[in-house]
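Thanks for coming. I have one structure to go through today, and I will keep to the parts that matter for reading it on the screen.

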Amino acid sequence: MKIEIWSDVMCPFCYIGKKNFEKALEHLPFKNEVEVEWKSYQLDPSLDPGETINTFAYFREKKGIPEAQAGGMLTRVTDMGKNAGIDFRFDRTLITNTFPAHRILQLSKKYGKSGEMEEALFMAHFTDGKNIADPEVLVSLAEAAGISESEAVQALDAGHFDEDVRQDIAAAQRYGVSGVPFFILNGKYAVSGAQPADLFADALLQTYEETVSVIRKQDDCGNLSCDTGDCSI
């Protein structure tokens with residue numbers, strides 16, 4: 001069973017959604033049969049990757065939200081994060097263009113480490129206050145995941161994975177995605193937002209049971225090419 005997750009590294013709800021999804025999956029007996037693919041998405045591609053802005057200034061200048069109102073919003077998100085096991089430090093967070101980070105995420109897929117890299121990018125951004133558009137930061141994260149420095153540098157400089165990032169974003173647009181996180185369960189069901197773990201568990205269980213039912217029906221028929229009319233799905 002395959003789960004596709006569209007996410008942006010600067011999205012706190014994506015981090016919360018990741019933690020809740022993983023908590024749900026961890027307690028399901030078929031967790032080892034689930035393939036998770038992290039997809040790239042950008043909430044604000046207009047940002048300059050060569051510049052950073054603090055969270056309060058971003059809300060004020062980009063969103064027109066006063067600091068007091070932004071502070072209340074971030075307090076609520078921080079509390080949600082604590083419940084999910086996340087230490088949000090919005091006093092440190094540096095907002096910037098996330099396209100370089102997505103290049104490294106795409107590179108990590110090559111080694112089956114996209115989940116590990118997604119977590120590292122979230123932590124670097126939200127807890128450690130690192131600039132996730134800084135090549136040195138991104139190369140360091142890649143090396144920590146077991147990816148060579150030279151390959152990480154090449155991914156950032158040569159643009160080998162730029163088209164992969166754009167394809168993920170284009171796929172999200174085809175699905176009508178307007179916000180993240182966004183989950184597609186086995187190409188069939190969609191779950192949007194940082195839902196509670198029990199909702200993810202119910203959705204995963206339902207999708208899995210339907211998948212197993214289809215597989216059993218296929219097995220009963222021998223294959224999907226039987227033409228007697230008795231094996232339609």
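I will start with the chain as a whole, go on to one helix and its partners, and end with a few single residues.

First, a caution: this is a predicted model. The chain has 233 residues, and 48% of them count as buried. There are nine helices and six strands. Taken along the principal axes, the C-alpha atoms fill a box of roughly 65 × 40 × 30 Å. If you take the contacts between residues at least 6 apart in sequence, 72% of them join residues at least 24 apart.

Now the helix I want to spend time on, α4, residues 99-109. How many of its residues are buried? The count is 10 of 11, so α4 is mostly covered. The buried ones are F99, P100, A101, H102, R103, I104, L105, Q106, L107 and S108. What covers them? The cover includes two strands, β1 (2-7) and β2 (35-40), and the helices α5 (114-126), α6 (135-144), α7 and α8. I will take two of those helices, α7 and α8, in turn.

As a reminder, two packed helices are described by the angle between their axes and the distance between the axes. For α4 and α7, which is residues 149-158, the axes come within 9 Å and cross at roughly 130 degrees. An angle in that range is neither roughly perpendicular nor roughly antiparallel, so the pair is classed as oblique. The crossing of α4 past α7 is right-handed. On the α4 side the residues that meet the partner are P100, R103, I104 and L107, and on the α7 side they are E151, A152, A155 and L156. Sorted by class, that contact has six nonpolar residues, two charged ones and no polar ones. The spacing on both sides is worth a look on the screen. An α-helix has 3.6 residues a turn, so residues three or four places apart point the same way.

Next, α4 with α8, where α8 is residues 162-175. Here too the axes come within 9 Å, but the crossing is at roughly 100 degrees. That falls between 65 and 115, so α4 is roughly perpendicular to α8. From α4, the contact is made by F99, H102, R103, Q106 and K109; from α8, by D162, D164, V165, R166 and D168. By class there are two nonpolar, two polar and six charged residues in this contact. R103 is on the list for α7, and R103 is also on the list for α8.

Two residues from that second contact deserve a closer look. Q106 is in helix α4. Is Q106 buried or exposed? Its relative accessible area is 5%, so Q106 is buried. Setting aside residues up to four places away in sequence, Q106 touches S40, F161, D164, V165 and D168.

D168 sits in α8. With a relative accessible area of 6%, D168 is buried as well, because the cut-off is under 20%. Which residues does this buried aspartate touch? With the same allowance for sequence neighbours, they are W6, W38, K39, S40, Q106 and K109. Two of these, Q106 and K109, are also on the α4 side of the helix contact. S40 is in contact with D168, and S40 is in contact with Q106 too.

On to the cysteines. C11 is buried at 4% relative accessibility, and C14 is buried at 1%. How many disulfides are there in the whole structure? A search finds zero.

Last, two residues that are not buried. R92 lies in the loop between α3 (67-84) and β4 (94-95). At a relative accessible area of 38%, R92 is partly exposed. Beyond its neighbours within four places in sequence, R92 is in contact with T127, D128 and G129. R92 and Y15 are 77 residues apart along the chain, and their C-alpha atoms are separated by 16 Å.

E22 is in helix α1, residues 12-26. E22 is also partly exposed, with a relative accessible area of 31%. Between the C-alpha atoms of E22 and T96, which are 74 residues apart along the chain, the separation is 27 Å.

That is what I have; questions are welcome.

Technical notes: Residues are numbered from 1 along each chain as its sequence is written. This is a predicted model: local features need pLDDT of at least 70, side-chain atom pairs count only at pLDDT 80 or more; totals for chains, interfaces and linings use all residues. Side-chain values use heavy atoms; hydrogens and water are left out. A disulfide is a pair of cysteine sulfur atoms within 2.5 Å. Buried means under 20% relative accessible area, exposed over 50%, partly exposed in between (1.4 Å probe, protein chains only). Axes are lines fitted to C-alpha atoms, for helices over the stretch in contact, and angles run from 0 to 180 degrees between N-to-C directions. Helices (H or I, at least four residues) and strands (E, at least two) are DSSP runs, numbered from the N terminus. Angles under 35 degrees count as roughly parallel, over 145 as roughly antiparallel, 65 to 115 as roughly perpendicular and the rest as oblique. A crossing is left-handed if the near helix is turned anticlockwise from the far one by less than a right angle, and right-handed if clockwise. Contact means heavy atoms within 4.5 Å. Ala, Val, Leu, Ile, Met, Phe, Trp, Tyr, Cys and Pro count as nonpolar, Asp, Glu, Lys and Arg as charged, and the others, Gly among them, as polar.
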